[in-house]
Every structure is written in structure tokens, then in C-alpha cells.
Amino acid sequence: MTTPVYENFINGHFLKNQTGDTFAVKNPATDEVIYHVEIADEFIQNAAIESAKQGFAAWSAMTPIERSRILLKAVAILRERNDELAKVEVLDTGKPWQEAECVDVETGADVIEYFAGLAPAQVGQQQMVGNDFYYTRKEPLGICAGIGAWNYPLQIACWKSGPALAAGNAVIFKPSEETPLGAIKLAEIFIEAGVPAGVFNVVQGAAEVGQWLTANPNIEKVSFTGEVGTGKKVMASAAGSLKDVTMELGGKSPLLVFDDADVSQAVSAAMLGNFYTQGEICTNCTRIYVHKNVYQQFIDELKTRTEQNIIAGDPMDPEVNLGALISKKHQELVLGYIDKGIQEGATLLTGGKALSPASAPSGYFVEPTVFVDCKDDMTIVKEEIFGPVMSVLVFDDEDDVIQRANDTHLGLAAGVFTKDIQRAHRVIHQLQAGICWINSYGNSPAEMPVGGYKQSGIGRENGIETLDHYTQTKSIYVGMSNIESPF
Ligand code: NAD
């Protein structure tokens, strides 16, 4: 059976490359190639820039309310096609259908809807200075590049294009080479909704295509989601033409469970924050610090629920709640971390091996894994694993656990479970992280800004402030009287 070949999406339609070079995309749950994608060669790259220039001219000339109306049509189409798009995400990522069906498309659509609503409300300032005055205009930046990771491909494309397009920019988006189809579907939906050709273009390929985007002088901004190390390269390259950057990078986030917490709720949060999307979520609470008084109760319940309630298998089966990791290479990386955890003296509470479920025997599965007896300096406690691997640690003292939780170069997220309202806020205010939860974990509504402290990121996505990151302020001084000049 021949598999489809997808071309790059430029100027409102698919465009064939000249080299004929392609790459293959596999379904992580079956290890089978499901389609091929053409790589954006020089011809495509030049066409993308020309297309985005034309798209920008047309789109930025529209009023915000016209742009908003069109984007809201795209939102309606995204929601109508929820199941078709969710299936694309399941086949590309290996994540469970039961998640994609209610999260991936929905949270992407929410963000476009949110920024479509905000766009017409964005205003400049006006101020008198004597008899003269100045006013400011919020102008779009021009062509913005988006570079995505593979864990939430469609959602990331929506989160980057929503504010960028609402503010009047054109976008050239490069999805991860592991999961390229969701962005193409979004491009088609934008065209169907009435977004002018050239406003949202999709270029395909791996690091080389990303590097071209970050170095290209016609591009004003790069919004990047991926690993810390890649983020540093992207930022260094963007500096060559002083591009604005947004960086959504990795994490090693702590969850603090105090002895007055609802322990079952804390176990739910720990499981969600480690096993949802088979652990491939940037904000995961992979370091769980549990107060010594509730430690035994916590790990007993965690072990029972992890062993009884997790169903791995064909991700399209609605009963399945643990999918396959993105690739064989990533599965090996995660298993390598598990070996390291054992070598360095952590105790496996449960899991620890590759899985081969009957309904998806060739998939890249890893058992939900919990380590106890962990120490702060162990590799599994320090490095982002990006798989279903949780490290549980014990604490006794509030100040001490805050210091331990903050002892990392990352600062994406953090959580606290306690019924003491004062402690909850006191502790969370001291944690060095951009996205925090009290008695909750993982929710990320469109209204709430998200982004990292320290090396977990720069700038924010979602929330009102993000629109400012896609505009530049023009100040205009207006003289109302004759100029006084010594010349
Ligand atoms: P990655 O850094 O390997 O790749 C991300 C993207 O960058 C891909 O599209 C890739 O092709 C591209 N790329 C690679 N090298 C490049 C270069 N030199 N220049 C430009 N582009 C380049 O990350 P990944 O493995 O796809 O994703 C997993 C990582 O993403 C994890 O670290 C995770 O924490 C992070 N992540 C962060 C967030 C967040 O919002 N903070 C969200 C999702 C994922």
C-alpha cells in the first residue's frame, strides 16, 4: 500500500519542492510508516518568505474586527472537525484518543478564540504634553516564525498562531518532523475560514529548516517550543538579526505534598502530572516531595492506583489511558534514565520496563514508573526525562523543601497540596516557577499566561500579555504649535 506524501503549505495551497527530498512519519503505537512529507528546500523557503510578505500586506490592512471574525470561523471549523483532527494527533503522537478527543483540539481552539476576541480591544495610548500630544499604535511585527515540539502538535500551532494572527502578523510555522500533519490541517482550516493566502504557511523538515527560519532576516520573531538546549541555539541564531523570541522550554517541576493535604487528591495530581500523555508534558511534576507524616500513605495509594488503573494499548481504543512514546529513540532514552535511577540507588516502587500491550505489540510503550528513596542529586531527579517516570522524595521542614525544590536551573511549573490557605500561598510565592498550581495540577486555560522562569523559557503564551509580544509600539508626537528653532 502506498502512503500519502504531503507537500509544504505555502500561499494558501500545497507546493511541491524541487529536490524531491522527503521524510517518513511513523505511528508510534505501531512502528509503521503512515505518510511521507516533503522537506522545505530552498525553493520552498523562498516561496514561504514571498508568500508571507504578501499575506502580511493583506492581513495587516484589515481591521482587527475583520480579522477576529475570520479567526472565529476557523475556531468553529476546528470544533466541528474535532474528531478527525484528534485522530490525526493520536496517529502522529501515540497519545490516547481519550485525551486528544477532549483536550488537544479544544485547547487549541480556545486560544485562537480568546485572542480573536481580544484583538479588537487592543488600544494604544494618548497623552497631552503641553499643547502638543503623542499617541501610540500597536502595530504587528511582520512575519513571525513558529517552531513546534511533538507532544501537542496542533495545540502548539494554535497557541502560536492565535495571538500572532490576531495581532495582524503573518506566520511561517514549522512543526516537529515527528508530527507534521496537524499544522497542515490547521493551515487548510485557516484558508477555509477566509484567512488570506500567505498569512499562515507551513514548512516541513528538521533542525536545518528550523535554523533557516531563525537566521532569516525577513523574519521578525521566533516563537519556539522545545528543549532547553535547542532553545539556546534558536536564541543565538535569532540574535544575528535581533529577532524577538518567545521560548517555551523544558522543566523538572516540583510538587510539594504537606501533611495536611488531601492525600488522594495529591496522588491524583501526581499521576496526572506524570502519566498523562505518557509523561510527555513539559510542566510535569516529576519531583514529588511528600511530607514524612503522609509519605507511606501517599506511596501505598500511588502504587495501588498506578498498578490497577492504568490501561496501555492501542491509543485509538477509548479505554486506553497510557499511549506510546513518540519514537523508539525516545523510548530507549527513557529506559536509559530508568536504568540510571536503579544504578544510582533509587528503589522502583512500580514499573520500570518497556511494555508490549496485546493491542499494540510494536508500539514504543514504557510502564508507568515510580521511584522512591530518591535523593536530590540523582540524575532522574535532576534531568528532564519526558516520559512516565516519577521520583518521590521525603521532606520534613517547609523552608528546607522550598530550597530543595528551587535548587534547579529550570523553573517551568510547581505545585503545592495543603489545606492551610496561608501556607499554600506563602510556599507558592517562594517557588521559582512561572506556572503554579495550588491543590490542582496541569490545567492551562487560554486566559492564564504560561511560561518558564530561569532556563525554562522567555516570554509567555496565552493570557492578555501575549498579544503585546506580537506587536510593537509606535509612538507618534503631534506638534500643535510652531516649532521653536535656534536655526
Ligand atoms: P526539540 O528541541 O528537539 O525540537 C523542537 C523543534 O525544534 C522541532 O521542530 C525541531 O525540528 C526544531 N529544531 C531542532 N533543532 C533546531 C535548531 N537548531 N534550530 C531551530 N529549530 C530546531 O524538542 P522536542 O523533542 O520536539 O520536544 C520536547 C521538548 O519540548 C521537551 O524538553 C519539553 O519540555 C519541551 N516542551 C516545552 C513546552 C513549553 O510550553 N514550555 C511545551 C511542549 C514541549
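The exercises below work through cavities, a ligand shell and several individual residues in a predicted model.

**Exercise 1. The largest cavity**

Determine how many cavities of 30 Å³ or more the structure holds, and describe the volume and the lining of the largest cavity.

Solution. Step one is the count: three cavities of 30 Å³ or more are present in the structure. Step two is the volume, which for the largest cavity comes to about 70 Å³. Step three turns to the lining, where 16 residues take part, and P254, R287, L410, G411 and Q432 are the closest of these to the centre of the cavity. Step four assigns the lining to elements: α14 (398-406), β20 (410-411) and β21 (413-417) are the elements that give two or more residues to it. Step five sorts the lining of the largest cavity by class, which yields eight nonpolar, five polar and three charged residues.

**Exercise 2. The second largest cavity**

State the volume of the second largest cavity, list the residues that line it, and divide them by class.

Solution. Begin with the volume, since the second largest cavity encloses about 50 Å³ of space. Next, collect the lining, which is made up of G251, K252, G279, I281, C282, N284, T286, E384, I385 and F386. Finally, sort these residues by class, and the lining of the second largest cavity divides into four nonpolar, four polar and two charged residues.

**Exercise 3. The shell around the ligand**

Identify the residues that come nearest to the ligand, examine its contacts with G148, E227 and T230, and find how much of its area the protein buries.

Solution. First, establish the shell: 26 residues lie around the ligand, and those that come nearest are G148, E177, T230, L249 and E384. Second, look at the contacts made through oxygen atoms of the ligand. One such oxygen is found 2.7 Å from a polar backbone atom of G148, and a polar backbone atom of E227 is 2.9 Å from an oxygen atom of the ligand. At T230 the partner belongs to the side chain, in which an N or O atom is 2.6 Å from a ligand oxygen. Third, consider the area: the ligand taken alone exposes 850 Å², of which the protein buries 90%.

Fourth, ask which elements build the shell. At least two residues each are supplied by α8 (207-215), β11 (219-225) and α9 (228-239), and α8 gives the most, with three residues. Fifth, the class division of the shell gives twelve nonpolar, nine polar and five charged residues.

One of the nearest residues, E177, can be followed further. E177 lies in the loop between β9 (170-174) and α7 (181-193), and because its relative accessible area of 31% falls between the limits of 20% and 50%, E177 is classed as partly exposed. Its C-alpha atom is separated by 5.5 Å from that of G205, although the two residues are 28 residues apart along the chain.

**Exercise 4. Two residues with positive phi**

Locate N11 and T277, and decide for each whether it is buried or partly exposed.

Solution. Start with N11, which is not a glycine and yet has a positive phi of about 55°. N11 sits in the loop between β2 (8-10) and β3 (13-15), and its relative accessibility of 28% makes it partly exposed. Continue with T277, likewise not a glycine, for which phi is positive at about 50°. T277 belongs to the loop between α10 (263-275) and β14 (287-291). Buried means under 20% relative accessible area, so T277, at 1%, counts as buried.

**Exercise 5. The side chain of N169**

Place N169 in the chain, give its accessibility class, and find which backbone atoms of G142 and A164 its side chain contacts.

Solution. The position comes first: N169 is in the loop between α6 (153-166) and β9. The accessibility follows, and with a relative accessible area of 0% N169 is buried. For the contacts, a polar atom of the N169 side chain lies 3.0 Å from the backbone nitrogen of G142, while the backbone oxygen of A164 is reached by the side chain of N169 at 2.9 Å.

**Exercise 6. Q297 and V263**

Find the helix that holds Q297 and the separation of the C-alpha atoms of Q297 and V263.

Solution. Q297 is part of helix α11, which covers residues 295-309. With a relative accessible area of 46%, Q297 is partly exposed. The C-alpha atoms of Q297 and V263 are separated by 7.6 Å, and along the chain these residues are 34 residues apart.

Notes
Residues are numbered from 1 along each chain as its sequence is written. This is a predicted model: local features need pLDDT of at least 70, side-chain atom pairs count only at pLDDT 80 or more; totals for chains, interfaces and linings use all residues. Side-chain values use heavy atoms; hydrogens and water are left out. On a 1 Å grid over the protein atoms alone, a cavity is a set of points where a 1.4 Å probe fits but cannot get out, and a pocket is an open set with protein on both sides within 12 Å along at least five of seven lines; lining residues have an atom within 4 Å of a point. Grid points are joined across faces, edges and corners, and a volume is the space filled by probe spheres set on the points. Helices (H or I, at least four residues) and strands (E, at least two) are DSSP runs, numbered from the N terminus. Ala, Val, Leu, Ile, Met, Phe, Trp, Tyr, Cys and Pro count as nonpolar, Asp, Glu, Lys and Arg as charged, and the others, Gly among them, as polar. A residue is near a molecule or strand if one of its heavy atoms lies within 4 Å of it. A polar contact is a pair of N or O atoms within 3.5 Å; within protein, one must be able to donate a hydrogen and the other to accept it, and residues adjacent in sequence count only if both atoms are side-chain atoms. Accessible areas come from the Shrake-Rupley method with a 1.4 Å probe; for residues, only the protein chains shown count as cover. Buried means under 20% relative accessible area, exposed over 50%, partly exposed in between (1.4 Å probe, protein chains only).
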